[in-house]
Amino acid sequence: MNGKTRLGNWALQWVFTGPALLFFAVVVVVPFLLSIYYSFTEWNGVSQDVKWAGISNFKYILTEDGGFRRSFWFTIRFTVTMVIFTNLLGFVLALLLTQGLKTRNVLRTVFFMPNVIGGLLLGFIWQFIFVKGFSTIGEKTGLGFFELPWLGDETTAFWALIIVSVWQGAGYLMIIYIAGLINIPKELTEAATIDGASRWQMLRNITLPLVMPSVTVCLFLAISWAFKMFDLNLSLTQGGPYGSTESVALNIYQEAFRNNRLGLGTAKALIFFLVVAAVSLIQVTITKRKEVEV
Amino acid sequence: MDAKRYSPRTLILEILAILLGLLFLVPFYFVIVNSMKTFGELLRNTASLPEAFYFGNYLKVWEIMKFPAVFMNSLIITVCSNIGLVLISSMAAYRMVRHPSKWNNLLFACFVAAMVIPFQSIMIPLVKVASSVGLLGSVWGLVICYFGFGVSLNLFLYHGFIKSIPREIEESAVVDGTTPFGVFWRIVFPLLKPMTVTVVLLNSLWIWNDFLLPLLVLNNPYLRTIPLATYAFFGQYTKQWDLALAALVLGVLPIILFFLALQKHIIEGITAGSVKG
């Protein structure tokens, strides 16, 4: 290769990949590397001096910070519950809409619709439903379920968040499950019917193993939504009552931007990253192993 | 499955599905119906249709929220971010697919790996970096942040798509003496259109609804996007449900219309985007 084309090749490389790399580096890579450094410092964000603090932030978080531990425990309970229910509902909706219903296209739109609205606005919408709507239904029907103080009590506030996030996420997962269900070869289900398999046997032994690729994707998505919940949390419960529904993401935000303890907030954020990455990795490895080739 | 006869079982399932669908719509019913009532009527009967359709709430909210300006902010941010993201990620993905050097493969791996980083774990240093390079408090700064956060997924999607395009099409153009830019813009880029549609729709839903990043970057009330303006509005008018609900309907309406108009593409895009992930 002569000098000129090598130079030309070099220039082309940078013209094509340079802009992407530049923005990615400034917005993601540099902050990510800095976050490792800031985790070991004491820094209030206002003054310029950032003091080296060793591992004291991590020590504080792991031994003394009850608020963080509580938000972590809340996030885990929330994630497990939300992932299970969203996937179950998404899968059931997908099964329903692949049964040759006449209204399937309209219904697909309806089930998906909550998902196009952002978490912040959804939270405000449901705040109204829980505060005013439910109490009205309660008065009219006399059902105790609707007369609970939905956002004012620890347990019900937890379930309020679950209800809204399942309502929001199920339609999205439904779309992915539908794509998976449609891809199941017809010969397999026909053969099973001829062999006299019951509906339940078909579901367990044919449908479920064959939609495992969709399950991998859906679990991954739901886990990441649940772990990172912030907007909905802020607008629906603000972490209340008494911090009982404060997600890790909200806790990090409050520590950094309300309490102005940015070093401590960054340390929490680093722990958060490690947990999210580990959980996602483990989940994908496990479910990938369950996928079967057709 | 369409070939199956419409059996009684299907009818039962159909009814069940429709009931579920109605249940999904109940929250929308409550919000829309009550946004057209006066405050007194809203408190008296929350469940019923309004006695008379009252649009006063909307007129007030339109003014207080400065809705046209807020809408334009959201629109400008979404459109500019999309244009930039499509350009930078399609170009980079093209180069990485056609020149899979060690460096490019490593680079691609980094972009993909970064997708697991939650936004909240880098937002604190991001604010620091953004302020030191002058990205805070401006629409451009926010758009550049979207370039950085969106490029991983966009590049990944384009990468998968470009791999499926046969090289021969480009090679004949090279023989004809077209420059590498010409090849990309005139031949490859038009072929990417289906993926470009997917990418733009996915980005739009994300950017339009995003709350935390604009909250951190746009510290200027004149630049507020719809989610920010709604948040500010709720802070000021807590429990004034008549106004708050009208604000919510206004805030939700554009994205719902966008979805209804393009739902076929959006749903296809989600299928394409997630199955590859």
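This is a guided tour of a predicted model with chains A and B, going from whole chains down to single residues.

**Stop 1: chain A as a whole**

Start by selecting chain A and switching to a cartoon view. You will find 12 helices and two strands. Walk from the N terminus and the elements come in the order α-β-β-α-α-α-α-α-α-α-α-α-α-α. Along the principal axes, the C-alpha atoms fill a box of roughly 75 × 70 × 35 Å. The radius of gyration of chain A is 24 Å, while a compact globule of 294 residues would have one near 19 Å.

Next, colour chain A by confidence. The average pLDDT is 88, and 97% of the residues score at least 70. Among the elements of chain A, strand 2 (residues 51-52) has the lowest mean pLDDT, at 82, and helix 3 (residues 66-97) has the highest, at 94.

Now turn on the surface. Chain A exposes about 13,700 Å², with 65% of that supplied by carbon and sulfur atoms. Of its 294 residues, 55% count as buried. If you show the charged side chains, 22 are positive and 16 are negative, and the centres of the two sets lie 6 Å apart. As for contacts in chain A with a separation of 6 or more, 71% of them come from residues 24 or more positions apart.

**Stop 2: helix 11 of chain A**

Select residues 248-258 of chain A, which form helix 11. Is this helix mostly covered or mostly exposed? It is mostly covered, with nine of its 11 residues buried. The buried stretch takes in A:Val248, A:Ala249, A:Leu250, A:Asn251, A:Ile252, A:Tyr253, A:Gln254, A:Glu255 and A:Ala256.

Which elements cover the buried residues of helix 11 of chain A? Keep both chains visible for this one. From chain A, the cover includes helix 3, helix 10 (231-236) and helix 12 (262-290). From chain B, it includes helix 6 (119-132) and helix 11 (212-217).

Step past the end of the helix to A:Asn260, in the loop between helix 11 and helix 12 of chain A. Look at its backbone: phi is positive, about 55 degrees, although the residue is not a glycine. Most residues other than glycine have a negative phi. With 34% relative accessibility, A:Asn260 counts as partly exposed.

**Stop 3: A:Ser214**

Stay in chain A and centre on A:Ser214, which sits in helix 9 (residues 212-227). Its relative accessibility is 9%, so A:Ser214 counts as buried. Show the surrounding residues as sticks. Beyond the neighbours within four places in sequence, A:Ser214 is in contact with A:Ile176, A:Tyr177 and A:Gly180.

**Stop 4: chain B as a whole**

Hide chain A and bring up chain B. Here the secondary structure comes to 13 helices and zero strands. The radius of gyration is 24 Å, well over the 19 Å that the globule rule gives for 277 residues, so chain B is more spread out than a compact globule. Its C-alpha trace spans about 75 × 65 × 35 Å along the principal axes.

Colour by confidence again: chain B averages a pLDDT of 89, with 97% of the residues scoring at least 70. Among its elements, helix 2 (residues 39-44) has the lowest mean pLDDT, at 81, and helix 4 (residues 67-98) has the highest, at 95.

With the surface on, chain B has an accessible area of about 12,600 Å², 71% of it belonging to carbon and sulfur atoms. Of the 277 residues, 53% count as buried. The 19 positive and 12 negative charges have mean positions 6 Å apart.

**Stop 5: B:Lys66**

Zoom in on B:Lys66, found in the loop between helix 3 (56-64) and helix 4 of chain B. Its phi is near 50 degrees, a positive value in a residue other than glycine. Is B:Lys66 buried or exposed? At 51% relative accessibility, B:Lys66 counts as exposed.

**Stop 6: B:Phe108**

For the last view, pick B:Phe108 in helix 5 (residues 102-113) of chain B. With a relative accessibility of 17%, B:Phe108 counts as buried. Draw a distance from its C-alpha to that of B:Ala93: the two lie 8.4 Å apart in space and 15 residues apart in sequence. Then display what B:Phe108 touches, leaving out residues up to four places away in sequence: B:Met96, B:Leu155, B:Phe156 and B:His159.

Conventions:
Residues numbered from 1 in each chain as written. Chains lettered and ligands numbered in written order. Predicted model: local features only at pLDDT ≥ 70, side-chain atom pairs only at ≥ 80, totals over all residues. Heavy atoms only, no water. pLDDT = per-residue confidence, 0-100. Helix = DSSP H or I, 4+ residues; strand = E, 2+ residues; numbered from the N terminus. Rg over C-alpha atoms; globule rule 2.2 N^0.38 Å. Buried < 20%, exposed > 50% of the residue type's maximum accessible area, 1.4 Å probe, protein only. Areas by Shrake-Rupley, 256 points an atom, 1.4 Å probe, with all protein chains shown as cover. Lys, Arg positive; Asp, Glu negative; His and termini not counted. Charge placed at Lys NZ, Arg CZ, Asp CG, Glu CD. Contact = heavy atoms within 4.5 Å.
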